Amino acid sequence: MASIVALFLLTLSFGLLWRILTKIVDRSLPPGPPRVPLLGHLHLLGVLPHKSLSDLSRRYGPVMLLWFGFAPTLVVSSPDAAREVLCTQDLAFASRPKISIAKYMFYNGKDLAWTSYGPYWKLMRKVTTVELFTAKRLEESRMVRHTQVSKLIDFIVNNGQNGKASINMKVLLSILNLNVVSSITFGREFHAGSVELIEEVMRLMGSFVLGDCFPFLSWLGSPVIRKMISAHTKLDQLLQEIVDEHKSKFKSSERAGDFVDVLLSLEDQGEIDVQCVKAMIMDMILAGTETSAITTEWALSELMNSPTCMIKAQKEIDTIVGRERMVVEADLCKLSYIHNVVNEVFRLHPPAPLLLPHHSTQDCLVNGYKIPKNSRVLVNVWSIARDPSLWESPNLFKPDRFAESSISFKGKNFELLPFGSGRRICPGLSLGVAMVSYTLARLVHGFEWKVSGKELSMDEISEGVAVRRKVPLEVFATPRLASHAYL
Ligand code: HEM
């Protein structure tokens with residue numbers, strides 16, 4: 001009995017001490033809900049963290065400090081606070097937290113997306129921008145996109161049995177985007193069947209790892225880390241094949257070709273090692289494939305869910321392109337409604353609703369609150385894009401809201417940030433937009449679409465840093481153009 005009373009008193013005094021300590025600290029820090037001892041706010045994240053955090057921000061404000069175990073995490077949910085973090089004080093927040101996924105999957109953060117801010121990031125960012133994403137490079141890769149989207153259309157025509165057989169668009173869109181990014185990055189399609197592996201890695205990116213929130217327990221290891229190591233080993237073999245092929249094809253003096261050749265030249269010069277080369281290929285494949293595929297899948301779903309919008313999109317393309325041929329990329333600049341649809345989908349369904357986590361490398365002030373050095377930073381772009389004080393009927397799909405609007409997703413308007421903003425803004429923005437817009441235009445123009453099943457669920461599932469459709473889009477597609485247009 002005495003020991004039970006002693007335990008009770010001990011727990012009570014620990015709880016009281018915890019409350020007092022957290023209250024003292026809280027004065028200069030941003031607000032947040034009460035903390036549970038040890039767990040902090042981890043239990044509040046739920047299955048859709050972007051939604052749970054959005055709900056919390058409506059209560060505690062657009063600048064909150066939460067504790068995921070022992071990891072302080074700043075969550076910002078307004079355009080002004082996002083501007084402060086991603087633009088005004090960009091340098092202080094441009095790094096990434098050192099978490100397990102970077103260590104075990106991305107060769108200890110030797111890629112671009114997970115590496116800390118510094119000279120290595122600057123070198124890789126410059127190489128990526130110059131070698132992959134200039135307007136000239138984008139223009140040169142038009143044929144790759146055309147060929148791969150045409151393959152997708154052929155597949156639907158040949159397997160859809162004129163609207164009688166259902167088609168799983170999720171898988172097809174992942175394969176399409178993987179093939180485009182692979183062809184541009186290393187000159188050929190990636191291993192057939194690797195889509196499942198990529199999806200596994202995407203899922204692992206968001207898995208809870210004890211050591212990320214409780215650093216003193218890192219030594220414990222976990223089943224998730226074992227899964228990361230196993231997935232990494234499989235991917236590493238495929239990436240090594242790509243490196244070996246490139247090394248055997250060219251003597252170093254003759255290399256002038258694709259992105260991997262450029263990286264291998266840097267390896268020859270001793271600026272980077274082979275792990276950096278593989279980490280960079282992995283980055284492009286992982287960052288470039290699912291983001292565009294998820295957005296296109298949502299775009300088609302939203303149009304199928306709003307028949308008037310679908311008809312409007314089809315009418316626009318019929319008027320400008322006709323029904324005797326397919327859309328080509330050069331038509332896109334005339335398709336303003338498709339452009340509005342893409343804007344609206346980026347607003348409603350940013351594939352990375354909390355961006356990638358940022359990390360503060362110095363103490364700073366945001367909205368008058370002290371943000372401690374070494375805090376993680378999440379920018380809830382999903383919440384900002386659904387804020388009723390910024391957007392009329394924010395949960396409705398209304399592409400026409402962009403007809404008269406000058407707001408764009410390119411990182412200058414902080415109410416719409418699907419690609420982020422500032423130093424860490426997505427370098428693949430133009431390629432991503434080209435992929436989504438072109439694929440969508442050809443699908444909408446090429447087929448009449450029907451849902452397989454009674455109704456189209458629009459539920460979301462959070463997989464790692466990405467949020468996608470919970471139920472993969474299964475559809476029936478009936479060709480609607482002159483038959484010679486599909487040849
Ligand atoms: C619909 C298409 C896409 C969307 C919505 C998207 C979105 C994003 C977002 C939100 C970030 C994180 C920004 C931040 O942390 O502040 C990011 C980073 C990145 N994205 Fe994309 N992305 C897309 C397509 C692509 C493509 C096609 C590629 C390359 C082939 C790519 C490569 C990258 C890389 C390498 C980073 C890391 C940049 C850095 O940390 O410096 N993305 N992207």
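## Exercises around the ligand and Q89

In this predicted model, a backbone N or O atom of L356 sits 3.4 Å from an oxygen atom of the ligand. Let's work from there.

**Exercise 1.** Find which side chains place an N or O atom by an oxygen atom of the ligand, starting with W121 and H358.

*Solution.* Begin with W121: an N or O atom in its side chain is 2.9 Å from a ligand oxygen. Next, take H358, where the side-chain N or O atom is 2.8 Å from an oxygen atom of the ligand. The cut-off for a polar contact is 3.5 Å. W121 and H358 also appear in the list of closest residues, together with R96, R424 and C426.

**Exercise 2.** Describe the shell around the ligand: how many residues surround the ligand, and which helix gives the most?

*Solution.* Start with the count: 27 residues surround the ligand. Then sort them by class, which gives 16 nonpolar, 7 polar and 4 charged residues. Now turn to the helices: α5 (119-132), α13 (274-305) and α17 (429-446) each supply at least two shell residues. Of the contributors, α13 gives the most, with 7 residues. Finally, look at the space itself: the ligand takes up the largest cavity.

**Exercise 3.** Decide whether Q89 is buried or exposed, and list what Q89 touches.

*Solution.* First locate Q89, in the loop between α3 (79-88) and α4 (100-104). Q89 counts as buried because its relative accessibility is 17%, and buried means under 20%. Next, follow the side chain of Q89, which reaches the backbone oxygen of L365 at 2.6 Å. Leaving out residues up to four places away in sequence, Q89 touches E84, C364, L365 and V366.

Terms used: Residues are numbered from 1 along each chain as its sequence is written. This is a predicted model: local features need pLDDT of at least 70, side-chain atom pairs count only at pLDDT 80 or more; totals for chains, interfaces and linings use all residues. Side-chain values use heavy atoms; hydrogens and water are left out. A residue is near a molecule or strand if one of its heavy atoms lies within 4 Å of it. A polar contact is a pair of N or O atoms within 3.5 Å; within protein, one must be able to donate a hydrogen and the other to accept it, and residues adjacent in sequence count only if both atoms are side-chain atoms. On a 1 Å grid over the protein atoms alone, a cavity is a set of points where a 1.4 Å probe fits but cannot get out, and a pocket is an open set with protein on both sides within 12 Å along at least five of seven lines; lining residues have an atom within 4 Å of a point. A molecule sits in a cavity or pocket if more than half of its atoms lie within 2 Å of its grid points. Helices (H or I, at least four residues) and strands (E, at least two) are DSSP runs, numbered from the N terminus. Ala, Val, Leu, Ile, Met, Phe, Trp, Tyr, Cys and Pro count as nonpolar, Asp, Glu, Lys and Arg as charged, and the others, Gly among them, as polar. Buried means under 20% relative accessible area, exposed over 50%, partly exposed in between (1.4 Å probe, protein chains only). Contact means heavy atoms within 4.5 Å.
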